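Let's get to know a structure by working through a few exercises together. Try each task yourself, then walk through the solution.

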Amino acid sequence: MEFDYVIVGGGSAGCVLAGRLSEDPSVTVALLEAGPDDSSVLIQCPAGLGVLAMNGQANWGFQTVPQPGLNGRRGYQPRGKVLGGSSSVNAMIYTRGHPSDYDAWAAEGNSAWSWDEVLPWFKRSEHNERGADAFHGTGGPLNVMDLRCPNPMLAAFIEAGRQAGWRHNPDFNGAEQEGIGAYQVTHRNGERFSAAKAYVTPNLGRTNLNVIVGAHATRVVLDQRRAVGVEALRGGQTITVRARVEVLLAAGALQSPQLLMLSGIGAPSELTPHGITVNHALPGVGHNLHDHVDVVQIVEAPGLKHSFGLSPGGVWRVARAIGPWRRERTGLLTTNYAEAGGFIRSQPHEAIPDLQLHFVVAKLVDHGRQTVFGHGYSCHVCLLRPLSRGSLRLADADPRSAPRIDPNFLGEPDDAARLVRGFKLLRGLLNQPAMKALGGHERAESARATSDVEIEHYVRHHADTIYHPVGSCRMGSGPAAVVDQHLRVHGLAGLRVVDASVMPSVIGGNTNAPVIMVAERAAAMIAAARRGRDETAAAHLPTG
């Protein structure tokens, strides 16, 4: 079990690395994924997301430690445990964030990651069915398209946005991010198009690519200051997969730092209490964890036939939709639920949007895990650039234990104040004539919150993640950094981290497309290093 590259984590970043690195037939690649393959129809059918949320299939299902900012509640932290990772269980929204987000990374000393530098890599990864232009690419592995069968409620939501004073934005990844509109999605022909389907599935016939599912990595094997392999649990046995060139951690912002610490890489104060030998002191591991915090407003509309809901009529409509989806990949089951949304400013003087909306064509309660009878719709408001910072720590030395996740939600007063303003703006949008024409009323629990104090109480009692943890293996220089701008772990050879954990700060939008971009760039850097070329030059100039 020896390969040139061993990749830990078969999520979005890991799939990109596996697909790109194995393009060179002289290179051997192993991809380790703790979960199963992605063959379930609930993964391939976009609307299957609703069932996946309820049954917990293909999901690590983590929780945070109690959050003081959420009135002591534990937050939910779903992460994909399946080939494709979270791209196999997410809402399939394709957004990139704001250009200034990447310029901020560059301003922190990561010059290769400014907007001008990353845009070509977004385009390289993408096949946008609208066609190529200054902001979009065609011919890339990742299919991006407009929803095949959008819900009729989308038009009402977009019109309500206009009525509330925001412009219709048909492309959040174009020249301007701000506005209200429909999201593009990672679908193809009415199916989910995950990173696995984009980068791994078409390449399973390559003899130099070995995909090993059901392999839970337990530690990085070190020889002095060099990573030389990975130990993993598979089928009740410990296996060792050796790496001749590099070990690439792509387990995400929650599990990449956990694996580093289990391997004796981190702050001694975090390791020694668990009896873990310190192999490399690196104090930044697990710090700077943060996430998009979000709160939902729900509108109950019993007669709204276009919404998903549990009722005799709703069940009948879904049952009737199975045939069209199986035969033609059309109809109701092509939904990603969060079909529309927008990027808005909580105050007019904000330079760029600081809030994001996700309009859901169903009543979404407790991340979709709670059975809710009747019909309606819901809309999220998400804080794009939280000031609060938390940490990822070990619970114990057992690699099978969940880590201690503390994003410190709403730890900073400014974060709560922005969400309160966003909640009021969202309520104003949902009260516009276009939405009122759909019928229904705001759910009583939130409707009772009218003053700022009451709204803040509601927010702290109901807010939670919208699934974008980042930052726990921060890219940069200095004592707080874990990797350099080529994503190499400081002070060690043969080891990189390539996933959302390296982001110095969360981008202003959904994180799946940015993670894929990060992995595209990393793959080029790694290939350049193997050929003895300048990694920085490879980072600036896409090839192929």
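**Exercise 1. Work out how helix 5 and helix 15 are oriented relative to each other.**

Solution. Helix 5 and helix 15 turn out to be roughly perpendicular to each other. To see where that comes from, keep in mind that this is a predicted model, and look at the axes of helix 5 (residues 115-125) and helix 15 (residues 512-530), which cross at roughly 100°. Angles of 65 to 115 degrees count as roughly perpendicular, and that settles it. The two axes come within 9 Å.

Next, look at who touches whom. On the helix 5 side you'll find Glu117, Val118, Trp121, Phe122, Arg124 and Ser125. They meet Ala513, Pro514, Ile516, Met517, Glu520, Arg521 and Ala524 of helix 15. Sorted by class, the residues of this contact are 8 nonpolar, 1 polar and 4 charged.

**Exercise 2. Do the same for helix 4 and helix 5: find how they are oriented to each other.**

Solution. Start with the axes: those of helix 4 (residues 99-107) and helix 5 cross at roughly 120° and come within 8 Å. Roughly perpendicular stops at 115 degrees, and roughly antiparallel needs over 145. Helix 4 and helix 5 are therefore oblique to each other.

Now the contact itself. Helix 4 brings Pro99, Tyr102 and Asp103, while helix 5 brings Trp115, Val118 and Phe122. The contact of helix 4 with helix 5 has 5 nonpolar residues, 1 charged and no polar ones.

**Exercise 3. Decide how the rings of Trp105 and Trp113 are arranged.**

Solution. The structure holds 12 aromatic pairs. In the pair of Trp105 and Trp113, the ring centres are 6.4 Å apart and the planes stand at 55°, so the pair is tilted. Both Trp105 and Trp113 are buried. Zooming out, these two belong to one aromatic cluster with Tyr102, Trp115 and Phe122.

**Exercise 4. Find which parts of the chain the pair of Phe423 and Tyr458 links.**

Solution. First the geometry: the Phe423 and Tyr458 rings are 5.4 Å centre to centre with 55° between the planes, another tilted pair. Then place each residue: Phe423 is in helix 11 (residues 413-430) and Tyr458 in helix 14 (residues 452-462). They are 35 residues apart, and the pair links distant parts of the chain. Both Phe423 and Tyr458 are buried.

**Exercise 5. Which ring does the charged end of Arg329 sit over?**

Solution. Look for Trp325: the charged end of Arg329 is 3.7 Å from the centre of that ring. For a further case, turn to Arg369, which lies over the face of Tyr76, at 3.7 Å from the ring centre.

Methods:
Residues are numbered from 1 along each chain as its sequence is written. This is a predicted model: local features need pLDDT of at least 70, side-chain atom pairs count only at pLDDT 80 or more; totals for chains, interfaces and linings use all residues. Side-chain values use heavy atoms; hydrogens and water are left out. Rings of Phe, Tyr and Trp (its six-membered ring) pair if their centres lie within 6.5 Å; planes under 30 degrees apart count as stacked, over 60 as edge-to-face and the rest as tilted. Buried means under 20% relative accessible area, exposed over 50%, partly exposed in between (1.4 Å probe, protein chains only). Helices (H or I, at least four residues) and strands (E, at least two) are DSSP runs, numbered from the N terminus. A charge sits over a ring if NZ of Lys or CZ of Arg is within 6 Å of the ring centre and within 35 degrees of the ring normal. Axes are lines fitted to C-alpha atoms, for helices over the stretch in contact, and angles run from 0 to 180 degrees between N-to-C directions. Angles under 35 degrees count as roughly parallel, over 145 as roughly antiparallel, 65 to 115 as roughly perpendicular and the rest as oblique. Contact means heavy atoms within 4.5 Å. Ala, Val, Leu, Ile, Met, Phe, Trp, Tyr, Cys and Pro count as nonpolar, Asp, Glu, Lys and Arg as charged, and the others, Gly among them, as polar.
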